[in-house]
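Okay, thanks for squeezing me in. Let me put the structure up, and then I'll talk you through a few spots in it.

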Amino acid sequence: MKFIIVAGGTGGHIFPALSLIEKIMENKKNEVLYIGTTDRMESEIVPSKGIPYKGIKVHGIKKNIIKDFKNIFDILSSIKECKKIISEFKPDAVVGFGGYVTFPVILAAHKLKVPVFLHEQNVIPGKTNKILSKFSKKIFTSFKESDKYFKSNKVIYSGNPCLQRAKNIKKHDKTELGFDKNKKLILIVMGSEGSTAMNEILLDYLRGFNESDKEILFITGKRQYNDLNNNLKVPSSIKLIPFYNDLPGLLKSADLIISRAGASTISEIIGTSIPSILIPSPYVANNHQYYNALSLNEMGISIMIEQKDFTKELLKDTVSKILDDKEFNKSLKEKLEFMEKPNPSTIMYNEIIKNK
């Protein structure tokens with residue numbers, strides 16, 4: 001079979017798409033073409049993995065009359081370009097994972113009568129997926145709560161493909177990064193680009209960190225690394241790095257993650273059964289990170305702290321509750337271990353083949 005995969009803009013869209021591609025390519029007879037933008041994350045990440053890639057020039061609507069006029073022109077132009085790409089590649093199915101780059105690809109596929117499938121990573125669907133859902137044969141969701149936003153006969157609860165990859169990935173040895181195997185490891189990750197808004201409080205927490213039985217790895221994001229690394233004096237038990245190539249493998253070697261609540265991160269937390277403190281970003285569309293984090297918080301498998309309430313004192317107390325309160329830690333881990341963990345990539349792949 002031939003598949004076109006489209007996703008763009010953020011890791012939350014891109015990494016689930018890559019996880020499905022891994023499943024697709026288990027069958028060596030299958031072929032995949034990835035369509036993304038020419039100038040965002042996917043244009044570097046996807047080709048670096050040896051996946052055939054086509055970049056199209058398209059931008060989201062900005063509510064600026066002058067810019068939007070040009071963006072609408074780019075969208076119309078890219079639909080025509082996508083029709084050409086699809087006609088030449090002749091896919092059996094097109095699978096979209098969200099982001100505005102998905103719009104012209106899915107629309108072109110629909111016009112050419114190629115079966116279309118969508119995956120929604122967040123509890124509350126993105127604007128693009130809501131619009132495109134009427135063209136799709138099936139819509140896969142990461143959360144059961146998302147069903148109400150789509151026509152029920154189209155929805156399949158699959159989970160997020162990143163979950164299956166995280167569940168099956170080999171554990172990374174934290175001692176290779178210089179950490180003590182006998183100490184508890186805390187990971188701090190504020191998204192692929194880091195978070196300027198969170199750094200001031202996080203830095204105060206790190207400067208005062210003096211836990212003899214714990215160590216911290218702060219994955220700052222590439223944009224934040226130089227500034228933080230040059231201006232932060234911290235104990236030797238804390239290390240800063242800009243990026244880690246395979247976070248799920250490291251999660252299996254850690255004891256706690258402090259993170260935003262993006263869809264990929266949520267699925268990796270579930271897949272690796274790691275306790276977490278989630279601070280949802282208030283700057284994302286539909287406040288979807290809040291609802292992602294709330295879902296885990298209500299299941300009792302994570303603690304959510306809203307950014308407006310976030311202080312170094314609250315963070316310190318919450319870390320202590322999770323790592324030092326043995327009964328609470330045991331309860332949290334048991335809930336994580338025994339919760340439902342589907343195989344999303346397998347579910348999606350089998351349903352696409354069945355419904356193409």
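So, Lys23 sits at 17% relative accessibility, and since the cut-off for buried is under 20%, Lys23 counts as buried. Its side chain meets the side chain of Glu26 in a salt bridge, 3.1 Å from N to O. Glu26 itself is exposed, because its relative accessibility is 55%. Just keep in mind that this is a predicted model.

How many salt bridges turn up in the whole structure? A search finds 11. The general idea is familiar: side chains of opposite charge can pair when their charged atoms come close.

Here's another pair, Glu88 and Lys84, with a salt bridge of 2.9 Å, N to O. Those two are 4 residues apart in helix α3, so about one helical turn separates them. Glu88 is exposed, at a relative accessible area of 52%, and Lys84 is exposed too, at 53%.

Right after that helix, have a look at Lys90. Lys90 sits in the loop between α3 (65–89) and β4 (93–96). The phi of Lys90 is positive, about 55 degrees, although Lys90 is not a glycine. Is Lys90 buried or exposed? Exposed, with a relative accessible area of 59%.

Ser273 also has a positive phi without being a glycine, and here the angle is about 60 degrees. You'll find Ser273 in the loop between α10 (263–272) and β12 (276–278). Ser273, though, is buried, with a relative accessible area of 11%.

Back to charges. Glu211 and Lys214 form a salt bridge through their side chains, at 3.3 Å from N to O. Salt bridges with shared partners then tie Glu211, Asp213, Lys214 and Asp324 into one network. Within that group, Lys214 counts as buried, at just 2% relative accessibility, while Glu211 counts as partly exposed, at 26%.

Next door is Glu215, in strand β9, which covers residues 214–219. What is the nearest side chain of opposite charge to Glu215? That's Lys183, 4.6 Å away. A salt bridge needs the nitrogen within 4 Å of a carboxyl oxygen, and Glu215 has no salt bridge, even though Glu215 is buried. Leaving out residues up to four places away in sequence, the contacts of Glu215 include Phe179, Asp180, Lys183, Leu185, Phe209 and Ser237.

One more residue, Asn329, in helix α13, residues 326–338. Asn329 is at 13% relative accessibility, so it counts as buried. Not counting residues up to four places away in sequence, Asn329 touches Ile322 and Leu323. And the C-alpha atoms of Asn329 and Pro275 are 8.1 Å apart, with the two positions 54 residues apart along the chain.

Okay, zooming out. The chain has 14 helices and 13 strands. For 356 residues, a compact globule would have a radius of gyration near 21 Å, and the chain has 21 Å, so the two agree. Along its principal axes, the C-alpha trace spans about 60 × 45 × 35 Å. Some 54% of the residues count as buried. Of the contacts with a separation of 6 or more, 63% come from residues 24 or more positions apart.

On the outside, the accessible surface comes to about 16800 Å², and 50% of that belongs to carbon and sulfur atoms. As for charge, there are 54 positive and 39 negative side chains, and the centres of the two sets lie 7 Å apart.

That's me done, happy to go back to any of these.

Methods. Residues are numbered from 1 along each chain as its sequence is written. This is a predicted model: local features need pLDDT of at least 70, side-chain atom pairs count only at pLDDT 80 or more; totals for chains, interfaces and linings use all residues. Side-chain values use heavy atoms; hydrogens and water are left out. The radius of gyration is taken over C-alpha atoms; the globule rule is 2.2 Å times the number of residues to the power 0.38. Buried means under 20% relative accessible area, exposed over 50%, partly exposed in between (1.4 Å probe, protein chains only). Contact means heavy atoms within 4.5 Å. Accessible areas come from the Shrake-Rupley method with a 1.4 Å probe; for residues, only the protein chains shown count as cover. Lys and Arg count as positive and Asp and Glu as negative; His and the chain ends are not counted. The place of a charge is taken as NZ of Lys, CZ of Arg, CG of Asp or CD of Glu.
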